[in-house]
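Let's take a walk through this model together. Have a look at the fold first, and then we'll go through how its pieces sit against each other.

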Amino acid sequence: MVRDPIASESTPSAEDICSALDDPDCREIIRNLEEPMTASELTNECDIPQSTLYRKLELLTDSTLLEETTEIRRDGHHASKYAVAFEDITLSLDEDRELTVQIERPARTADERLAELWSEVRKET
């Protein structure tokens, strides 16, 4: 995996989340990601220029709204695939009247949990 928001130790700020969701192109990308897609597939699906699309994908992955994985191909030309990494986002005010964000993530499959476990084991060795 390239960028895994579920394994990320930091939660993005409410400002980062709102900034990403305020962008119409970012919302269009999220709307079209019913299943993991590559950037070129998203360019065709969303009708967003590729240079713009890469900036939006970076914004969405940095704010942990998308998960980026690597698709290994036999020909050696590996590709990043993007998937929506949240089910629900809640913005609320804390007791100091500051905005806080809570992100509900999809449940991990057994394969994903095993891959995460092996990743942690490798870090320890």
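## How the helices pack

In this predicted model, a good place to start is helix H2 against helix H4: the two pack at an angle of about 80°, with their axes 10 Å apart. An angle from 65 to 115 degrees counts as roughly perpendicular, so H2 is roughly perpendicular to H4. On the H2 side the contact is made by Asp25, Cys26, Ile29 and Ile30, and on the H4 side by Thr52, Leu53, Lys56, Leu57, Leu59 and Leu60. Sort those residues by character and you get seven nonpolar, one polar and two charged.

Now turn to helix H3. H3 covers residues 39–46 and packs on H4, residues 50–62, at an angle of about 115°, with the axes 10 Å apart. That makes H3 roughly perpendicular to H4. As for handedness, the crossing of H3 past H4 is right-handed. Ala39, Ser40, Leu42 and Thr43 are what H3 brings to the contact, and they meet Gln50, Leu53, Tyr54 and Leu57 of H4. This contact divides into five nonpolar residues, three polar ones and no charged ones.

Let's zoom in on one residue of that contact, Thr43, which sits in helix H3. Is Thr43 buried or exposed? Its relative accessible area is 18%, and the cut-off for buried is under 20%, so Thr43 counts as buried. Neighbours within four places in sequence aside, Thr43 is in contact with Ile48, Gln50 and Leu53. With Leu53 you can also check the backbone: the C-alpha atoms of Thr43 and Leu53 are 6.8 Å apart, with their positions 10 residues apart along the chain.

Next, the core. The largest nonpolar core has 21 residues, and the members that touch the most others are Ile29, Leu33, Leu42, Leu53, Leu57, Leu60 and Leu66. Which elements give two or more residues to this core? They are helix H1 (14–22), helix H2 (24–32), H3, H4 and strand S5 (99–104). Leu60 is worth clicking on: apart from neighbours within four places in sequence, Leu60 is in contact with Ala20, Cys26, Ile29, Ile30, Leu65 and Leu66.

From there, move to Ala14, found in helix H1. Ala14 is buried, because its relative accessible area is 8% and buried means under 20%. What does Ala14 contact, once neighbours within four places in sequence are left aside? The partners are Leu91, Leu99, Thr100 and Val101. Ala14 and Gln102 are 88 residues apart along the chain, yet their C-alpha atoms are separated by 8.7 Å.

Two loop residues deserve a stop for their backbone angles. Most residues other than glycine have a negative phi. Asp47 goes the other way, with phi near 55°, a positive value in a residue other than glycine. You'll find Asp47 in the loop between H3 and H4. Asp47 counts as exposed, because its relative accessibility is 70% and exposed means over 50%.

The other one is Thr64, where phi is near 60°, again a positive value in a residue other than glycine. Thr64 lies in the loop between H4 and strand S2 (66–71). Is Thr64 buried or exposed? Thr64 is buried, with a relative accessible area of 6%.

Finally, step back to the whole chain. The secondary structure comes to five helices and five strands, and the pattern along the sequence reads α-α-β-α-α-β-β-β-β-α. The chain has 125 residues, of which 32% count as buried. Taking contacts between residues at least 6 apart in sequence, 52% of them join residues at least 24 apart.

Note on methods. Residues numbered from 1 in each chain as written. Predicted model: local features only at pLDDT ≥ 70, side-chain atom pairs only at ≥ 80, totals over all residues. Heavy atoms only, no water. Axes fitted to C-alpha atoms, helices over the stretch in contact; angles between N-to-C directions. Helix = DSSP H or I, 4+ residues; strand = E, 2+ residues; numbered from the N terminus. Parallel < 35°, antiparallel > 145°, perpendicular 65-115°, else oblique. Left-handed = near helix turned anticlockwise from the far one by under 90°. Contact = heavy atoms within 4.5 Å. Nonpolar A, V, L, I, M, F, W, Y, C, P; charged D, E, K, R; others polar. Core = buried A, V, L, I, M, F, W, Y, C linked by side-chain atoms within 4.5 Å. Buried < 20%, exposed > 50% of the residue type's maximum accessible area, 1.4 Å probe, protein only.
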